[in-house]
Every structure is written in C-alpha cells, then in structure tokens.
Amino acid sequence: MKLPRWIHQFGSPKYFYELSLWLSRWVAIVCVICFVCGLYGGLVLAPADYQQGDSFRIMYIHVPSAWMSLFIYMVMAVAGGIGLIWRIKLAEIVARSSAPIGASFTFLALVTGAIWGKPMWGTWWVWDARLTSELILLFLYLGYIALQSAFEDRRVAARAGAILALVGIVNIPIIHYSVEWWSTLHQGPTITKMDKPSIHLSMLIPLLFMVLAFKTFFISTLLIRARSEILEYECNASWVKQLLGSNNVTK
Amino acid sequence: MSLNEFLSMGGYGTYVWSSYGISALVLFINVIQPVLRERKTVRELQKRFQTMQQHQPDSKS
Amino acid sequence: MREYLNIFFVILRRDLILAFRNKAELINPLMFFVIVIVLFPLAFGSDSALLKQLTSGIIWVTALLATCLSLETIFRSDFEDGSIEQFSLSRYPLTLLVSAKILAHWMTFSIPLIVIALFTGIVLSLSSQTISALFITLLLGTPVLSLIGAITVALTIGLRGGMLLSLLILPLYMPILIFSMLAIQNAAVGQSITAELYFLAGILVLAITLAPIATAAALRIRLS
C-alpha cells in the first residue's frame with residue numbers, strides 16, 4: 001500500500017523538527033489551562049462524595065493516568081507497526097519516546113490506586129482486577145524499555161521493540177479478561193466499586209478536563225522527547241549541520 | 001471554606017495530597033528530563049560541528 | 001504445498017535428531033524442573049495441608065520457569081552457524097523453519113515435562129480430578145508457552161544476559177497461568193472446567209497462527 005505524499009513530508013525529520021517546537025508549545029499551553037481548570041474543579045468545586053468523602057478526589061489523577069497508560073501502549077504499538085511496515089523514521093521515534101511516558105503513567109495509576117485503596121479497602125494493595133492488569137502492563141512497558149536499551153543500533157532496537165509492542169497489544173485484552181475472571185473468583189474483601197454507574201456532572205466535568213490535560217501533556221512531552229531523539233538519529237544529516245553549525249557562526 | 005479545611009480533605013488529606021504530590025513529581029520529571037536531554041544533545045552536536053569546522057581547513061592546507 | 005510439508009518435516013527431523021544428540025541440553029531444564037519442585041516441600045514441610053493446595057500451582061509456575069530457560073537455546077546454534085541466514089535466503093518462507101523448530105522444541109522439552117509433572121502429581125498425592133485437569137491444561141498451555149517464547153527469544157538472540165529474556169517472557173505468560181490454575185482449582189472442587197479450556201484452546205489457536213509470523217519477522221530484524 002502506498003501512503004499519500006503529505007504523510008511522508010510530515011514524517012521527514014527536518015520538517016518535523018521545525019514544526020514540533022511550535023506545536024509542543026501550543027499544546028503545552030492548552031495542557032496548563034486544562035490542568036488549572038481540572039484541578040480547581042476537582043479539588044475545590046466538586047462536592048465531597050457521600051460514600052467516599054474527599055478521598056474520591058484521587059480519582060482525578062488515577063482514572064486519567066490509567067486511561068493514558070493503555071492509550072500510550074496503543075500509540076506505541078501502532079507507531080511501531082507503521083515504522084515496521086513503511087520504515088518511517090518518525091514513527092519509530094514516536095514509539096520509542098512514548099515508552100517512558102507510558103511507563104510513568106502506569107506507575108502513577110498503580111501508586112494512586114494503592115493510596116486510594118488504603119482508606120477504602122483498609123490495605124494498600126488488593127488483588128483487584130484493574131490494579132493487577134495495570135501491574136502487568138507496567139511489566140510490559142519495563143520489558144519494552146529494557147529491550148530498547150539492550151540494542152546498540154537504534155533502528156534495530158526500534159523494529160524489535162515494535163514487534164514486542166505488537167505482541168503485547170494482542171496480549172492485553174487476553175490479560176485483561178483473564179485477570180478479571182480470576183479476581184471475580186478470588187474476591188476476598190468487599191470492594192466499594194471505584195466507578196459509579198452514574199457520576200454527577202460537577203464531578204464529571206473536572207475529570208474530563210483532567211483527561212484532556214493528561215492527553216495534551218503526553219503529546220507535548222512526546223514532541224520534546226522526539227526532538228532530541230531526531231537530533232541523535234540524524235546527527236550526520238546535512239540539515240542538522242546547517243541548523244546547529246550556522247547557529248555557532250552567527251554567535 | 002478555610003484553607004485548613006481544604007488541606008485536611010475531610011480527614012483524607014494525607015492520602016489525597018500524597019497522591020497529588022507524587023503525580024506532580026512524576027509529571028515534573030517527565031517535563032524536565034526531555035528538556036535537559038535536548039539541551040545536552042544540542043550542545044554536544046554544536047561542539048562537534050565546531051571542531052569539525054576548525055579541523056577542516058587544517059587538513060586541506 | 002506438498003513441497004512445503006516436506007521441508008517442514010525435514011527440518012523437524014533434523015531438529016529432533018540434533019536434540020537427542022545433545023542430551024545434556026535436553027535434560028538440564030527438566031532437571032531444573034524437578035529440583036525446583038522438590039524445593040517447595042523442603043520449604044513448607046512435608047505433609048502440610050498448605051502444600052497440598054499449592055502443589056498444582058507450584059508445578060505450573062515451575063513449568064513456566066523451566067520453559068523460559070529451555071527456550072533460550074532454541075535458535076542459538078542455528079543463528080550462530082548461519083543456517084537461519086541461509087534459510088532466509090532460500091525461496092521457502094522463514095515461518096516454515098520457525099514453526100518446525102518450535103514444534104521440535106515442544107516435542108523434546110514439553111512432552112517429557114508433562115510426563116514428569118503428572119508423575120510428581122501422583123507422587124505428591126493430588127486427587128485424580130486435579131491430575132487430569134493438570135494434564136489437559138499443560139497439554140493446551142505448553143505449546144503456547146513455546147510459541148510466545150519463541151518470539152521473544154528471536155528478539156533477544158545474541159544479546160547478553162538471559163535475564164532480559166525472562167523479563168520479557170513472563171508477563172506474556174501470565175494469562176496462561178491464570179486460566180490453567182482456574183481450571184485446576186475448579187476441577188479440584190468438582191466444577192466444570194470447559195470455559196477455561198475453551199479459552200486456553202482459543203489462545204493456542206491464536207498463538208499458532210500469529211506467533212510463527214512474528215518470530216520470523218523478529219529473526220529477520222536480527223539478521224539485518
């Protein structure tokens with residue numbers, strides 16, 4: 001299959017490098033606005049939950065980071081697949097740079113879940129289906145990062161990582177269902193459900209802002225990470241020489 | 001609502017603020033690390049190109 | 001088609017012969033399997049009720065670890081002496097070679113492992129329902145272990161350290177472990193285990209179709 005030309009143009013490292021700075025700044029501004037709105041709405045405006053009291057406010061970071069952890073894995077696998085099939089360097093870079101961000105969101109989802117669990121369940125850790133599958137997801141991320149750092153050649157590393165991410169993405173639904181099945185059979189403590197069937201609007205709107213904030217945070221930091229990756233990938237290309245070399249002359 | 005009331009979070013203050021604190025820390029690291037890395041890469045490459053420029057005329061003469 | 005089948009069986013025969021010639025490599029992972037199983041009664045005491053509950057789980061977890069160790073060598077000699085590269089240059093698809101090698105690995109490692117597992121199950125006085133469930137889950141599960149494992153082995157081949165391999169493999173093995181243990185626990189209390197077995201069989205079919213392709217792709221990356 002042939003790709004339309006504009007994708008290749010956007011995928012050219014030089015073009016992307018020029019665009020990304022501008023893009024990452026604007027996205028960062030949107031991100032900060034969303035964070036301010038979400039935090040103010042979530043911490044101040046939203047009323048305390050009638051069952052969980054104020055502890056439900058942890059939801060405003062737990063839920064978005066849990067969503068992002070899965071979303072970023074998907075981005076990683078799709079970008080890796082694109083890099084594998086069409087050999088687009090930029091896709092490889094996106095896949096590589098996503099991994100640490102995704103791992104840190106997964107870590108956040110786990111830690112905030114445990115902290116939330118302490119007042120709700122009475123213990124830090126419960127073998128709850130979501131926490132367990134989140135933990136396995138963290139292992140998948142760490143495996144990917146370990147594989148990346150084991151190779152010396154970046155391009156080989158990116159392609160090997162793409163295969164691992166694709167295998168992981170096939171596995172994730174299986175892991176999810178197996179863990180869900182397993183935990184419903186082993187359910188020890190009576191769990192107060194974290195998600196309510198209906199959530200009040202004053203609680204929902206801050207959550208949506210936080211989700212948006214996390215998403216834009218991912219995009220913005222991904223762009224910055226990609227910029228330095230591009231420079232390292234392309235350190236022998238003429239446009240990098242021109243860009244950084246001429247800077248020096250003018251100084 | 002007083003500040004104290006806000007900070008205590010109805011008795012859940014430690015849990016809420018510790019999780020928000022950890023998140024802030026992780027997000028901060030995620031911002032600062034790539035920025036520092038890009039700066040370092042740019043500086044290294046600039047240095048490299050500088051030495052290349054200096055050496056080129058030498059090798060010609 | 002006929003030709004491909006021929007090639008497949010030629011490779012399979014070659015790998016089986018090679019495996020039986022190198023007996024140490026064949027026996028070591030199985031020894032590991034037995035020794036680790038023996039460690040648990042030493043740790044928990046010989047006739048505790050706890051041990052009886054744990055035995056089938058211990059056998060499964062140890063099977064995972066032993067598979068992990070034994071898989072390490074599946075492509076190594078062929079990769080080092082260049083036969084995989086030679087094969088990738090031939091007009092036959094690399095998936096053919098890969099699937100034959102995986103099947104050979106399953107026949108030479110997993111079948112003895114299942115026999116030993118059943119034997120230890122009987123010796124450690126598991127109930128007959130548990131043993132039959134153990135048998136079926138191992139029969140359905142171990143091919144998946146070999147198939148998924150082969151992908152990661154192909155990715156990490158030639159890299160230093162076997163630690164990385166187990167780090168990559170074990171998270172992918174978790175669903176298999178979960179379904180198998182659920183089936184065994186259900187069987188122990190006399191409940192139906194068909195749902196878990198269907199799931200395991202589904203995963204097996206998925207792995208048979210996709211894993212050889214992924215393994216071949218991974219090998220190609222490592223060759224380039």
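The exercises below, each with a worked solution, go through a predicted model with chains A, B and C.

Residues are numbered from 1 along each chain as its sequence is written, while chains are lettered from A and ligands numbered from 1 in the order in which they are written. Since the model is predicted, local features need pLDDT of at least 70 and side-chain atom pairs count only at pLDDT 80 or more, whereas totals for chains, interfaces and linings use all residues.

**Exercise 1.** Work out which pair of chains shares the most contacts, and which chains do not touch.

*Solution.* Begin with the term: two residues are in contact if their C-beta atoms, placed from the backbone, lie within 7 Å. Of the two pairs of chains in contact, A and B share the most contacts, and here 26 residues of chain B meet 32 residues of chain A. For the classes, Ala, Val, Leu, Ile, Met, Phe, Trp, Tyr, Cys and Pro count as nonpolar, Asp, Glu, Lys and Arg as charged, and the others, Gly among them, as polar. The side of chain B that touches chain A then has 14 nonpolar, 10 polar and two charged residues. Chains B and C do not touch, and their nearest C-alpha atoms are 24 Å apart.

**Exercise 2.** Describe the side of chain A that touches chain C, and find the helix that gives the most to it.

*Solution.* Helices (H or I, at least four residues) and strands (E, at least two) are DSSP runs, numbered from the N terminus, and chain A has eight helices and zero strands. In the pair A and C, 22 residues of chain A are in contact with 19 residues of chain C. Helix 5 (129–150) and helix 6 (154–185) of chain A each supply at least two residues of this side of chain A, and helix 6 gives the most, with 15 residues. By class, the side of chain A that touches chain C divides into 18 nonpolar, three polar and one charged.

**Exercise 3.** Determine how helix 7 of chain C lies against helix 6 and helix 9 of chain C: parallel or antiparallel?

*Solution.* Two packed helices are described by the angle between their axes and the distance between the axes. Axes are lines fitted to C-alpha atoms, for helices over the stretch in contact, and angles run from 0 to 180 degrees between N-to-C directions. The axes of helix 6 (residues 94–123) and helix 7 (residues 128–156) of chain C come within 9 Å and cross at roughly 150°. These two helices of chain C are therefore roughly antiparallel, a term for angles over 145 degrees, while those under 35 count as roughly parallel. Their contact has 16 nonpolar, five polar and no charged residues, with C:Trp106 of helix 6 and C:Phe135 of helix 7 among them. Helix 7 and helix 9 of chain C, in turn, pack at an angle of about 20° with their axes 8 Å apart, and are therefore roughly parallel. The contact of helix 7 with helix 9 of chain C divides into 21 nonpolar, three polar and one charged.

**Exercise 4.** Compare the expected span of helix 9 of chain C with the distance between its end C-alpha atoms, and locate its bend.

*Solution.* The expected span of a helix is 1.5 Å times one less than its number of residues. Helix 9 of chain C (residues 194–223) has 30 residues and should therefore span 44 Å, and its end C-alpha atoms are 42 Å apart, which agrees. The bend at a residue is the angle between axes fitted to the seven residues ending there and the seven starting there. Helix 9 of chain C bends by about 35° at C:Leu210, and the proline C:Pro212 follows within four residues.

How values were computed: Parallel < 35°, antiparallel > 145°, perpendicular 65-115°, else oblique.
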